Amino acid sequence: MHYKAFDNVDEKKFSFVKTSRYFFMLSISITIVGILTLGVFGLNYGVDFKAGSSVDITFKKDVSSQKAAFEQYLKDNDFGSPGMTFGAKRVTLRFDDVLSDTKEKALKAGIADKFDKDASMEVNTVDVEIAKELQGNAIKAVLIASIGIVIYVSIRFEWRFAVAAIVALLHDAFIVISLFSIFRLEVNLPFIVAVLTIIGYSINDTIVIFDRIRENLRFAKLKSVTDIAKIVNDSIWQTMSRSINTVMTVLFATICLLIFGSESIRLFSLAILFGLISGAYSSIFIASPLWLLLKSKQKPKSNVKSSAAS
C-alpha cells in the first residue's frame, strides 16, 4: 500500500489521509466481529420474514404494571411464551406459529375479561411462502440500489469513486445489521426501509466529498501522489461543516422519533440512528481515503509521478 507517500502530506489540521490505515483496521475489525456475531446468533427475524402471527393490542388504560400477570395468563391458557414488546398502553406479541381462529377469539376474550374490556386487537399472519418471498425481495431491493449507485457514480465520476462508494455503503448496512444481531433487535420490513434510507443518506454525503475532490483536481497542478493526498484531505475539511450540519439535523429528528414516536417505529428510528453515525463515519474516514488508495495504484501519467515507495 502507498502509505509512505501519504505520510509526506504536510497538514496543520488533522490528516484523514495519514490516519486512514487505522480507520481501515477499525472497520475491518468491526466487520469481523459482525460476521462472527451473525454466524453465532443470526438475526432476530420478525413475523414479516418468518411464518407466524403478530398480535398488536392497544389498551385504553396503563397496563405496564401487569406484565408478569400478562405473561402468566398466556402460559395458563396454552399460548406459550411468544416474543413480547410491552409498553404502557400497547403490547405486541410475536407467535412462531399461525394462530387459529379459535385461538384468536380466545385471546381477545381473555384480554377483555382479565385486563381491559375496551382493548383493541389486530392480528397479522404471514405464511412460510410469503415470508420467503418478502426476504428475497428485501435482498433484491438492496442489491438493485447498490448496482444503480455503482452505475451512476461510474458515469458521473470514475470507477474508483464507485468502488469506494459501494464499499462505504456496504460497510454502513453491515454495521446496522450486526448491531441488530448483537442486541437481538427485531428485523422486519421497516428495518429494510431503514437500510435503504441509510444507503441513500450515506451516498449523498459521500458524493458531496467526491464532487469537491473532483473540482479541486481539475485546477490542481499534480506532480506526485502526495499532491493528490493533500487535495483529498483539503476536500474533506472543506465539506466538513456541511457534513456535520447535515448529520446533526437528521440526528436530532431521529432522536425525537426514537423518544416520542410510537412503538411501531421505534426500531426503525434506532436503525436510522445507527446508520447515520456509521454513514457519517464512512463518508469521511473510509470512502475518500479508499479512493486515494486505489488512485495511488494507477499507472503514472507523464505529468504525474508517483512518489510512493512501498
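Q: How many bridges join E2 to E5, and in which sense do the two strands run?

A: As a general idea, strands of a sheet pair through backbone hydrogen bonds, and the pairing may be parallel or antiparallel. In this predicted model, E2 and E5 run antiparallel and are joined by seven bridges. Within that pairing, Val55 has Val123 in E5 as its bridge partner.

Q: In what order do the four strands stand in the open sheet, and which of them are the edge strands?

A: The order is E3-E4-E2-E5, with antiparallel pairing in this open sheet of four strands. E3 and E5, the latter covering residues 120–126, are the edge strands, since each of them pairs on one side only. From one strand to the next, the twist averages 10 degrees.

Q: Which strands pair with E4, and over how many bridges?

A: E4, residues 90–95, pairs in the antiparallel sense with E2, residues 52–58, over six bridges, and in this pairing Ser54 stands opposite Arg94 in E4. E4 is also joined by four bridges to E3, residues 83–86, and these two strands likewise run antiparallel. Here Phe86 has Val91 in E4 as its bridge partner, and the connection from E3 to E4 is a hairpin through three residues.

Q: Which strands does helix H3 touch, and where does helix H4 lie?

A: Helix H3, residues 67–76, packs on the sheet and touches E2, E3 and E4, its direction making about 155 degrees with that of E3. Helix H4, residues 101–114, lies across E2, E4 and E5 and runs at about 155 degrees to E5.

Q: Why are H6 and H10 described as roughly antiparallel?

A: The idea is to compare the angle between the two helix directions with a cut-off, and angles over 145 degrees count as roughly antiparallel. Helix H6, residues 159–182, packs against helix H10, residues 266–296, at an angle of about 150 degrees, with the axes 7 Å apart, which makes H6 roughly antiparallel to H10. Their crossing is right-handed, and by class the contact has 17 nonpolar, five polar and three charged residues.

Q: At roughly what angle do the axes of H7 and H9 cross, and which residues make the contact?

A: The axes of helix H7, residues 189–218, and helix H9, residues 240–260, cross at roughly 165 degrees and come within 10 Å; the two helices are therefore roughly antiparallel to each other. H7 passes H9 in a right-handed crossing. Tyr201, Asn204, Asp205 and Val208 of H7 make the contact with Arg242, Ser243, Thr246 and Val247 of H9, and by class this contact has three nonpolar, three polar and two charged residues.

How values were computed: Residues are numbered from 1 along each chain as its sequence is written. This is a predicted model: local features need pLDDT of at least 70, side-chain atom pairs count only at pLDDT 80 or more; totals for chains, interfaces and linings use all residues. Side-chain values use heavy atoms; hydrogens and water are left out. Two strands pair if DSSP finds at least two bridges between them. Axes are lines fitted to C-alpha atoms, for helices over the stretch in contact, and angles run from 0 to 180 degrees between N-to-C directions. Angles under 35 degrees count as roughly parallel, over 145 as roughly antiparallel, 65 to 115 as roughly perpendicular and the rest as oblique. A crossing is left-handed if the near helix is turned anticlockwise from the far one by less than a right angle, and right-handed if clockwise. Ala, Val, Leu, Ile, Met, Phe, Trp, Tyr, Cys and Pro count as nonpolar, Asp, Glu, Lys and Arg as charged, and the others, Gly among them, as polar. Contact means heavy atoms within 4.5 Å.
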